[in-house]
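Work through these short exercises with the structure open. Try each task before reading its solution.

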Amino acid sequence: MMSSRRVPKNVLFAVALAVAAGSVVSSGCGGSGARRKGKQSEARKWIDNPSSGKKDGNTIKIPQIGLEFEIPDTLYVFKNCEETGHSKGELESNKEWVTVASCSSAGVSSSDEDLGASASSDSEMIALTFYLAPKERPVDERAVAFYRNQYQEAGLNIEDLSFNDGYFDKTGIYAKLQVMDETGNNAVREIQQFMFPYGDVMYIARMEYPFGDTRAIAQDWKAIMPYFRVTLAR
């Protein structure tokens with residue numbers, strides 16, 4: 001089965017590099033010089049010195065970045081939603097992305113397998129994770145071509161890549177990508193990601209899972225995205 005194939009480490013690194021490209025900028029496109037221009041927002045300062053928020057009932061609140069994330073009542077896969085430890089560099093190729101919150105699956109237990117649950121791709125622990133990163137380049141219609149080139153150079157199959165100005169009340173770039181095996185003919189993993197800017201920072205919602213996973217991942221994505229809200233003044 002495709003989900004059991006081993007993906008070469010160099011392919012996975014290329015994937016991480018391409019997916020994280022939104023905040024990797026050459027010296028000719030901004031970089032540290034661009035960061036020094038103007039006053040940084042509280043959210044941008046938080047990236048360099050993150051602090052914890054609190055959970056109020058069923059809502060995760062991080063006032064420092066203006067975040068209120070109300071956990072939906074009904075989730076099928078990503079049932080464990082919590083504020084993360086705000087660590088940098090979870091994605092190997094990008095040290096500027098800071099984890100904000102995550103909703104993870106519980107995997108499949110041995111008792112679930114006895115009831116007929118899949119013990120293959122559907123047993124893998126997966127998560128929908130939100131990150132916060134410095135916004136180093138515009139996230140707009142013109143940026144789509146940049147990301148397309150990055151993903152293609154990394155050998156990813158692009159199922160969808162588009163700019164959206166009303167995606168769950170957010171404006172940004174949506175991508176659905178497949179990681180291919182060594183032959184380049186079979187997809188082994190899938191990445192779904194939405195990047196949306198807010199002032200001088202950029203939020204990223206990202207999940208990765210085995211290609212062909214039969215769990216209700218898409219339903220949970222649609223349930224969670226509207227309730228991740230940012231209200232901090234820009």
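**Exercise 1.** What percentage of the 234 residues of the protein count as buried?

*Solution.* Start with the source: this is a predicted model. Next, apply the cut-off: buried means under 20% relative accessible area. By that rule, 47% of the 234 residues are buried. Now turn to the surface. The protein exposes about 11700 Å². Carbon and sulfur atoms supply 46% of that area.

**Exercise 2.** How many helices and strands make up the secondary structure, and what share of contacts joins residues at least 24 apart?

*Solution.* Count the elements: there are 6 helices and 11 strands. Then take the contacts between residues at least 6 apart in sequence. Of these, 60% join residues at least 24 apart.

**Exercise 3.** Find strand 9, residues 187–198. How many of its 12 residues are buried?

*Solution.* Strand 9 is mostly covered, with 11 of its 12 residues buried.

**Exercise 4.** Which residues are the bridge partners of Q192 in strand 8 and strand 10?

*Solution.* Take strand 8 first, residues 170–180. Strand 8 runs antiparallel to strand 9, and 8 bridges join them. Here K176 pairs with Q192 of strand 9. Then go to strand 10, residues 201–210. Strand 10 is also antiparallel to strand 9, with 10 bridges between them. There the bridge partner of Q192 is M207.

**Exercise 5.** Which glycine in each hairpin turn has a positive phi?

*Solution.* Between strand 8 and strand 9 lie 6 residues. In that turn, G184 has a positive phi of about 80°. Between strand 9 and strand 10 lie 2 residues. In this turn G199 has a positive phi of about 65°.

Terms used:
Residues numbered from 1 in each chain as written. Predicted model: local features only at pLDDT ≥ 70, side-chain atom pairs only at ≥ 80, totals over all residues. Heavy atoms only, no water. Helix = DSSP H or I, 4+ residues; strand = E, 2+ residues; numbered from the N terminus. Buried < 20%, exposed > 50% of the residue type's maximum accessible area, 1.4 Å probe, protein only. Contact = heavy atoms within 4.5 Å. Areas by Shrake-Rupley, 256 points an atom, 1.4 Å probe, with all protein chains shown as cover. Pairing = 2+ DSSP bridges.
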